[in-house]
Structure formats: C-alpha cells, structure tokens
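Got the model open in your viewer? Let's take a walk through it, one selection at a time.

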Amino acid sequence: KGKCGHHFCSQCLQRAIAIHSTCPRCKGDLTAETSPAPENLVGQLEKLNIRCTHSSLGCGSIVPMKCLHEHVSSECEYREVGCVNRGCDFRCPQRDMDEHMEECVYRMVECEVCKGVVVFKDMGVHQAVKRCFELANKRRVVSSARRLSGELKEHRIELTHQRHLTEQAERR
C-alpha cells in the first residue's frame with residue numbers, strides 16, 4: 001500500500017519502488033512499508049477464477065485464485081515432476097511420467113537368469129558377473145537333485161516290492 005492508499009501486490013510494489021519510487025496509479029510517493037490489504041479486497045481476489053499457470057503447456061483448468069497454488073503444485077497434470085528412480089534426473093510433465101517410467105534405464109527389473117532385482121542399465125554387467133550364473137546353476141542343480149532323489153526313492157520302493165514278490169514266489 002502506498003502513502004496514497006492504493007494497494008498493490010508485493011511484487012508490483014517492489015518493482016515500482018525500484019524503478020521510479022512513485023505510485024503507478026497517481027504518481028505519489030511510495031515506500032516499502034507494508035500494511036495488510038483490506039479483508040474485502042482479499043476476499044474478492046480469492047474468489048477470482050484464474051487460468052492455470054501451465055496453460056501455455058496445455059492445461060485448460062480455471063480455478064479460484066485461493067486454489068491455484070494447490071492445483072499448480074499437486075493436481076495439474078502439466079506440472080513438471082522428476083523421475084523417482086534413483087540416479088535418474090529426468091523431468092517432464094506429470095502426464096508423461098508413466099511413459100518415461102516404462103522406458104527409464106534406472107528402473108528396477110528382474111534378472112531372468114537369477115531372479116534378482118537389478119537396475120535395468122546394469123543388467124548386462126550383472127549377467128556377465130559369475131555370481132548371477134552361479135545362482136542360476138545352483139537353482140538348476142538343486143531342482144535336478146530333488147527330481148533325481150524322488151525318482152531314486154520311487155525306484156527303491158519298486159525294487160523292494162519286486163524283491164518281496166520274488167521272495168514270496170520262491171517260498172511257494
């Protein structure tokens with residue numbers, strides 16, 4: 001508020017003081033002293049509908065001024081957001097982030113060989129490391145050993161049954 005009683009937002013007031021130190025409306029003297037705007041003025045401003053600041057990017061939302069900050073910072077699909085994957089510094093509008101997440105080289109994926117979880121861009125190095133293949137081979141060996149153990153058990157049961165039948169036949 002200038003000495004003259006005209007009200008301005010703080011940015012406009014600071015700019016007017018820096019440029020010519022006079023009120024843009026009446027050319028009276030300005031000071032950087034601030035006083036609160038009248039409540040009725042604040043209430044009217046809060047009710048004003050205003051276009052989203054991302055309208056140049058495609059957002060067509062028009063929201064009450066009191067809701068603009070919330071819309072721009074957390075609701076607008078055109079607001080710029082950063083990738084959540086560790087190491088990735090990619091930024092884009094929220095609406096395009098799902099597409100990026102599917103292609104991000106820093107996304108976590110499962111190794112088809114050892115079933116471990118690895119950063120996509122490191123998969124080649126991961127699979128080239130001996131440990132990955134050792135784990136995969138160990139799984140195959142354990143699986144094969146279990147299968148063979150089961151077959152051997154069945155074979156033993158069958159041999160025992162055959163021997164029992166043979167012994168009964170010899171006794172008769």
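## First stop: His-54

Start by selecting His-54, which is buried, with a relative accessible area of 14%. Buried here means under 20% relative accessible area, exposed means over 50%, and partly exposed is anything in between, using a 1.4 Å probe and protein chains only. Before going on, keep in mind that this is a predicted model: local features need pLDDT of at least 70, side-chain atom pairs count only at pLDDT 80 or more, and totals for chains, interfaces and linings use all residues. Residues are numbered from 1 along each chain as its sequence is written, and side-chain values use heavy atoms, with hydrogens and water left out.

Where does His-54 lie? You'll find His-54 in the loop between strand 1 (49-51) and strand 2 (62-64). Helices (H or I, at least four residues) and strands (E, at least two) are DSSP runs, numbered from the N terminus.

Now show what His-54 touches. Leaving aside neighbours within four places in sequence, His-54 is in contact with Cys-59, Val-72, Cys-76, Tyr-78 and Arg-79. Contact means heavy atoms within 4.5 Å.

## Zoom out

Switch to a cartoon view of the whole chain. The protein has six helices and six strands, and from the N terminus on they run α-α-β-β-α-β-β-α-β-β-α-α. The radius of gyration is 37 Å, well over the 16 Å that the globule rule gives for 172 residues, so the protein is more spread out than a compact globule. That radius is taken over C-alpha atoms, and the globule rule is 2.2 Å times the number of residues to the power 0.38. Turn the C-alpha trace around and you'll see that it spans about 130 × 35 × 30 Å along its principal axes.

How much of the protein is buried? Buried residues make up 19% of the 172 residues. Among contacts with a separation of 6 or more, residues 24 or more positions apart account for 9%. If you like surfaces, turn one on: the protein exposes about 13,400 Å², and carbon and sulfur atoms supply 52% of that. The areas come from the Shrake-Rupley method with a 1.4 Å probe; for residues, only the protein chains shown count as cover.

## Color by charge

Next, color the charged side chains. There are 27 positive and 23 negative ones, and the centres of the two sets lie 4 Å apart. Lys and Arg count as positive and Asp and Glu as negative, while His and the chain ends are not counted. The place of each charge is taken as NZ of Lys, CZ of Arg, CG of Asp or CD of Glu.

Side chains of opposite charge can pair when their charged atoms come close. How many salt bridges does the structure hold? There are six, a salt bridge being a side-chain nitrogen of Lys or Arg within 4 Å of a carboxyl oxygen of Asp or Glu.

Here are some to click on:

- Select Arg-95 and Asp-96, whose side chains meet in a salt bridge (3.8 Å, N to O). Arg-95 is partly exposed at 44% relative accessible area, and Asp-96 is partly exposed too, at 32%. Add Glu-77 to the selection: Glu-77, Arg-95 and Asp-96 are linked in a network of salt bridges.
- Move on to Asp-122 and Lys-121, a salt bridge with its closest N and O atoms 3.3 Å apart. Asp-122 is partly exposed at 32% relative accessible area, and Lys-121 counts as partly exposed at 44%.
- Then try Arg-171 and Glu-167, with side chains that meet in a salt bridge (3.8 Å, N to O). Being four residues apart in helix 6 (residues 130-171), they are separated by about one helical turn. Arg-171 is exposed at 64% relative accessible area, whereas Glu-167 is partly exposed at 34%.

## Get out the ruler

Last, check a few C-alpha distances. Select Arg-172, in the segment after helix 6; this residue is exposed, with a relative accessible area of 81%. Draw a line from Arg-172 to His-71: they are 101 residues apart along the chain, and their C-alpha atoms are separated by 95 Å.

Then jump to Asp-89, in the loop between strand 3 (80-82) and strand 4 (91-93). Asp-89 counts as exposed, at 69% relative accessibility. Its C-alpha atom and that of Tyr-106, 17 residues apart along the chain, are separated by 9.9 Å.

Finish at Ala-18 in helix 1 (residues 10-19), which is exposed at 67% relative accessible area. Ala-18 and Leu-45 are 27 residues apart along the chain, with their C-alpha atoms separated by 25 Å.
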